[in-house]
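Thank you all for making time this morning. I would like to walk you through one chain, going from its overall layout to a few individual residues.

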Amino acid sequence: MEEDQELDRKISGLKTSMAEGERKTALEMVQAAETDRHCVKFVLHKEDHILGNSLRYMIMKNLEVEFCGYTMTHPSESKINLRIQTRGALPAVEPFQRGLNELMNVCQHVLDKLRIKKQAEMLESTSSKCLLMLIY
């Protein structure tokens, strides 16, 4: 019972986003009536293959995940159905959250590297211009 409440609390934290003063559902967790917490389908609205494939890859790196796959319902709809099935006692929401966090960390790392590279290029360009001014 407590585990279910904890799972509901985690899902509710992921589930909604603020947009234009309204609460809109960005994520739904769909679970068949007779299944357990180890096989869950997540529906991510307003997303496409970019997030779907990246998130699937990050989730599959977890050794406790038996299956993770996604589908898009139709090319004109921006909605992903992501299914996760885990081994053992691990609920499917855990690798989902971990995958999202790891994907955000990877994206932040790439942004940091790009920012450093851009700053280095700007510094080099500025140094070259100053050097040319001194020469002439």
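I will begin with the chain as a whole, then turn to the sheet, and end with one loop residue.

Please keep in mind throughout that what you see is a predicted model. The chain holds three helices and six strands, and if you read along the sequence you meet them in the pattern α-β-β-β-β-α-β-β-α. Of its 136 residues, 25% are buried, and the chain exposes about 9900 Å², of which carbon and sulfur atoms supply 56%. If we take the contacts between residues at least 6 apart in sequence, 49% of them join residues that are at least 24 apart.

Now to the sheet. Which order do its strands take? Four strands form an open sheet, and going across it the order is E3-E4-E6-E5, with antiparallel pairing. The edges are strand E3, residues 27–30, and strand E5, residues 65–72, each of which pairs on one side only. From one strand to the next, the twist averages 20°. As general background, the strands of a sheet pair through backbone hydrogen bonds, and they can do so either parallel or antiparallel.

Let me stay for a moment with strand E6, which covers residues 79–86 and pairs with E5 in the antiparallel sense over seven bridges. E5 and E6 form a hairpin, with six residues between them. E6 also pairs with E4, again antiparallel and over seven bridges. One residue of E6 lets us follow both pairings, namely arginine 83, which is the bridge partner of glycine 69 and also stands opposite lysine 41.

What packs on this sheet? Helix H2, residues 49–60, does so, touching strand E4 (39–45) as well as E5 and E6. The direction of H2 makes about 175° with that of E5.

Finally, I would like to look at alanine 26, which is found in the loop between strand E2, residues 22–25, and E3. Is this alanine 26 buried or exposed? The answer lies in between, because its relative accessible area is 27%, and so alanine 26 counts as partly exposed, given that buried means under 20% and exposed means over 50%. Alanine 26 and lysine 46 are 20 residues apart in sequence, while in space their C-alpha atoms are 7.4 Å apart.

To close, the picture to take away is an open sheet of four strands in the order E3-E4-E6-E5, with helix H2 packed on it.

Conventions
Residues are numbered from 1 along each chain as its sequence is written. This is a predicted model: local features need pLDDT of at least 70, side-chain atom pairs count only at pLDDT 80 or more; totals for chains, interfaces and linings use all residues. Side-chain values use heavy atoms; hydrogens and water are left out. Two strands pair if DSSP finds at least two bridges between them. Helices (H or I, at least four residues) and strands (E, at least two) are DSSP runs, numbered from the N terminus. Axes are lines fitted to C-alpha atoms, for helices over the stretch in contact, and angles run from 0 to 180 degrees between N-to-C directions. Contact means heavy atoms within 4.5 Å. Buried means under 20% relative accessible area, exposed over 50%, partly exposed in between (1.4 Å probe, protein chains only). Accessible areas come from the Shrake-Rupley method with a 1.4 Å probe; for residues, only the protein chains shown count as cover.
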